[in-house]
Amino acid sequence: MNQAYETSATLAGYNFAFLDEQTKRMLRRAILKAVAIPGYQVPFGSREMPLPYGWGTGGMQVTAAVIGAKDVLKVIDQGADDTTNAVSIRHFFVRMTNVATTEKTREATLIQTRHRVPETPLSEGQILVYQVPIPEPLRWLEPRETETRKMHALSEYGVMHVKLYEDIAQHGHISTAYDYPVLVNGRYLMRCSPIPKFDTPKLHMNAALQLFGAGREKRIYAVPPYTEVKPLDFEDHPFEVERWPEDCALCGAQDSFLDEVILDDRGGRMFVCSDTDYCGERRAAGHTGRMSAPYKEEAAE
Amino acid sequence: MTPDLDQTPLLSVEALNKSFGRHVACHDISFDLWPGEVLGIVGESGSGKSTLLNAIAGRLPVDSGKILYRAASNSIVDLASASDAQRRHLMRTEWGFVQQHARDGLRMGFSAGANIGERLMALGDKHYGKLRDTALDWLRAVEIAPERIDDLPRTFSGGMQQRLQIARNLVTRPRIVLMDEPTGGLDVSVQARLLDLIRRLVQEHHVACIVVTHDLGVARLLAHRLMVMRHGQVVEAGLTDQLLDDPQHAYTQLLVSSVLSV
């Protein structure tokens with residue numbers, strides 16, 4: 001309690017941002033190392049968090065280590081700010097730090113995300129924290145941790161192409177749709193957490209600092225601002241992102257990741273932006289989509 | 001003066017020792033392997049044959065001794081003291097290892113084509129079409145129907161799996177292939193076909209082989225030279241025909257006389 005920002009507004013009996021200062025120092029050391037070696041998985045002493053493994057304990061620990069009283073926090077789950085995981089984690093940090101929160105990507109200084117990168121381009125000074133279930137890209141190809149570490153050390157990444165080869169052989173195209181393997185800064189092979197491959201190009205030369213935390217697996221890794229992130233592919237089967245048959249039914253966006261929503265049992269469906277903030281912002285700016293008329297009231301809210 | 005390449009051995013093992021605790025698995029073993037030569041190592045179970053093979057392949061650290069390999073770049077590398085990076089690179093490019101059980105040497109969850117292409121991809125080959133063409137060529141070379149390229153190895157018979165493993169190793173045109181009981185567990189007709197295939201490939205690609213086997217028949221068909229091992233020591237070595245026709249050491253005599261003939 002020796003720092004000015006720790007006010008009595010946070011929950012009594014808890015340190016600012018839940019973790020004690022020594023734990024945060026340990027996390028920050030790991031984060032600094034991760035930033036210094038882009039894409040390298042730094043082991044850290046993962047702590048028990050008040051929610052189950054797999055729900056974002058790694059991301060929460062990274063967030064807790066970097067959050068300050070003046071930060072503005074945004075939490076996304078599958079692109080939405082109002083799903084259970086996002087609401088719970090946001091509520092947790094409000095209780096533990098009393099920081100301001102927002103749903104606007106532009107206004108946030110710190111964004112914790114699960115499964116999506118915001119559509120709105122990030123800017124310098126922002127930090128994006130990913131929740132990572134399995135940090136090791138070679139895990140399903142090589143079960144031994146000692147061996148995968150050696151493979152990383154020696155840059156033996158050819159085997160990753162075996163998986164992509166198999167995709168093409170079985171499906172005619174690279175069917176890996178999320179958690180697409182990337183090479184960071186020309187050196188380390190990295191899993192970019194289960195974001196759709198649509199988002200993979202956004203990691204490349206991003207102005208924001210991107211931190212990845214895997215709580216159960218006890219690894220932290222990072223992509224510093226303006227770092228090269230290259231998806232693996234074949235010369236004759238280059239990397240491609242998903243496309244949809246329609247534009248967003250609410251805001252008409254053609255450049256965003258769309259979720260398919262089933263409307264009835266007669267094949268009726270609509271496609272809407274997965275990033276709720278982006279969609280709302282576009283609708284507020286007057287953009288409309290194919291089905292936006294009946295939804296106007298809700299949109300104007 | 002440039003040394004005559006065929007006059008220098010490809011691989012020289014010098015005074016190799018390997019123990020597991022108090023148990024001596026390989027004691028003071030030395031031999032040379034020449035380009036294009038097939039060396040058979042025979043002996044009963046537990047005689048240290050497989051340990052020797054694994055030690056040469058760098059899969060087991062040796063206690064003492066040298067494993068001098070003349071690389072394609074013509075420099076001599078001591079594999080016993082080489083760096084991990086160098087040894088693993090050689091193993092992926094200039095060496096091959098055929099396991100007794102094909103499922104140890106294959107990626108069972110990936111198709112035949114991916115298995116053949118793996119080494120090429122590890123070397124940076126990133127053109128799907130070319131990888132596929134190479135895989136088809138090799139499937140034909142090892143007598144597997146090309147239309148099975150996208151099938152998983154677990155749908156293959158034991159003999160086919162073993163042939164696929166051989167193709168997967170030969171795809172980078174290695175200079176040495178180590179084989180650990182390549183025909184173990186196969187029925188005799190499949191064994192005969194596989195032996196024919198190995199003989200043909202070894203000759204066509206001029207690859208040197210070390211074949212570990214307990215089957216003297218296999219050794220007689222494949223190997224130019226034989227080493228007989230017992231209790232971790234080489235008890236007798238020589239040309240295959242000579243050694244089998246006129247065994248000198250008591251143990252070799254026992255081994256030869258215990259072969260069943262039909």
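Two residues are taken to be in contact when heavy atoms of theirs lie within 4.5 Å.

**Figure 1. Overview of the interface between chain B and chain A in the predicted model.** In this predicted complex, 22 residues of chain B are in contact with 21 residues of chain A. The two chains bury about 1900 Å² between them, and 59% of this area is on carbon and sulfur atoms. Of the area that chain B buries against chain A, Arg88(B), Lys126(B) and Tyr128(B) supply 36%, which is more than any other three residues contribute. As for confidence, the predictor assigns the complex an ipTM of 0.86 and a pTM of 0.87, while chain B has a mean pLDDT of 91, with 97% of its residues at 70 or more.

**Figure 2. Elements of chain B that face chain A, and the polar pairs between the chains.** Between chain B and chain A, 13 residue pairs are in polar contact, counting pairs in which both residues are at pLDDT 80 or more. On the side of chain B that touches chain A, helices α2 (84-93), α4 (112-122) and α5 (128-141) of chain B each supply at least two residues, and α4(B) gives the most, with five residues. By residue class, this side of chain B divides into nine nonpolar, five polar and eight charged residues.

**Figure 3. Salt bridges across the interface of chain B and chain A.** Four salt bridges are found across this interface, and three of them are described here in turn. In the pair formed by Asp84(B) and Lys150(A), the closest N and O atoms are 2.8 Å apart. Arg88(B) forms a salt bridge with Glu147(A), with 2.9 Å between the closest N and O atoms; this pair crosses between chains, from helix α2 of chain B to helix α4 (residues 145-153) of chain A. Both Arg88(B) and Glu147(A) are buried. Arg92(B) forms a salt bridge with Glu156(A), again with the closest N and O atoms 2.9 Å apart, and the pair runs from helix α2 of chain B to the loop between α4 and α5 (158-171) of chain A. Glu156(A) has a relative accessible area of 13%, and because this is under 20% the residue counts as buried.

**Figure 4. Salt bridges within the individual chains.** A search of the whole structure finds 34 salt bridges over all chains. Within chain B, the side chains of Arg132(B) and Asp150(B) meet in a salt bridge with an N to O distance of 2.9 Å. This pair links distant parts of the chain, 18 residues apart, with Arg132(B) in helix α5 of chain B and Asp150(B) in the loop between α5 and α6 (158-170) of chain B. Arg132(B) is buried at 19% relative accessibility, whereas Asp150(B), with a relative accessible area of 23%, is partly exposed; the two residues therefore fall on opposite sides of the 20% limit below which a residue is called buried. In chain A, Arg116(A), Glu119(A), Asp199(A) and Lys202(A) are linked in a network of salt bridges.

**Figure 5. The surroundings of Asn85(A) and the enclosed helix α2 of chain A.** Asn85(A) is found in helix α3 (residues 84-97) of chain A and counts as buried because its relative accessibility is 11%. Leaving aside residues up to four places away in sequence, Asn85(A) touches Trp55(A), Asp77(A), Arg114(A) and Gln131(A). A polar atom of the Asn85(A) side chain lies 3.0 Å from the backbone oxygen of Trp55(A). Helix α2 (residues 57-66) of chain A has nine of its ten residues buried, so this helix is largely enclosed by the rest of the structure. Among the buried residues of α2(A) are Thr57(A), Met60(A), Gln61(A) and Val62(A).

**Figure 6. Two residues other than glycine with positive phi.** Gln78(A) has a positive phi of about 55 degrees although it is not a glycine. Gln78(A) is placed in the loop between β2 (72-77) and α3 of chain A, and with a relative accessible area of 40% it is partly exposed. Ala15(B), likewise not a glycine, has a positive phi of about 45 degrees. Ala15(B) lies in strand β1 (residues 11-20) of chain B and is partly exposed, with a relative accessible area of 31%.

How values were computed:
Residues numbered from 1 in each chain as written. Chains lettered and ligands numbered in written order. Heavy atoms only, no water. Buried area = accessible area lost by both parts, 1.4 Å probe. Polar contact = N/O pair within 3.5 Å; in protein donor to acceptor, adjacent residues only side chain to side chain. Helix = DSSP H or I, 4+ residues; strand = E, 2+ residues; numbered from the N terminus. Nonpolar A, V, L, I, M, F, W, Y, C, P; charged D, E, K, R; others polar. pLDDT = per-residue confidence, 0-100. Buried < 20%, exposed > 50% of the residue type's maximum accessible area, 1.4 Å probe, protein only.
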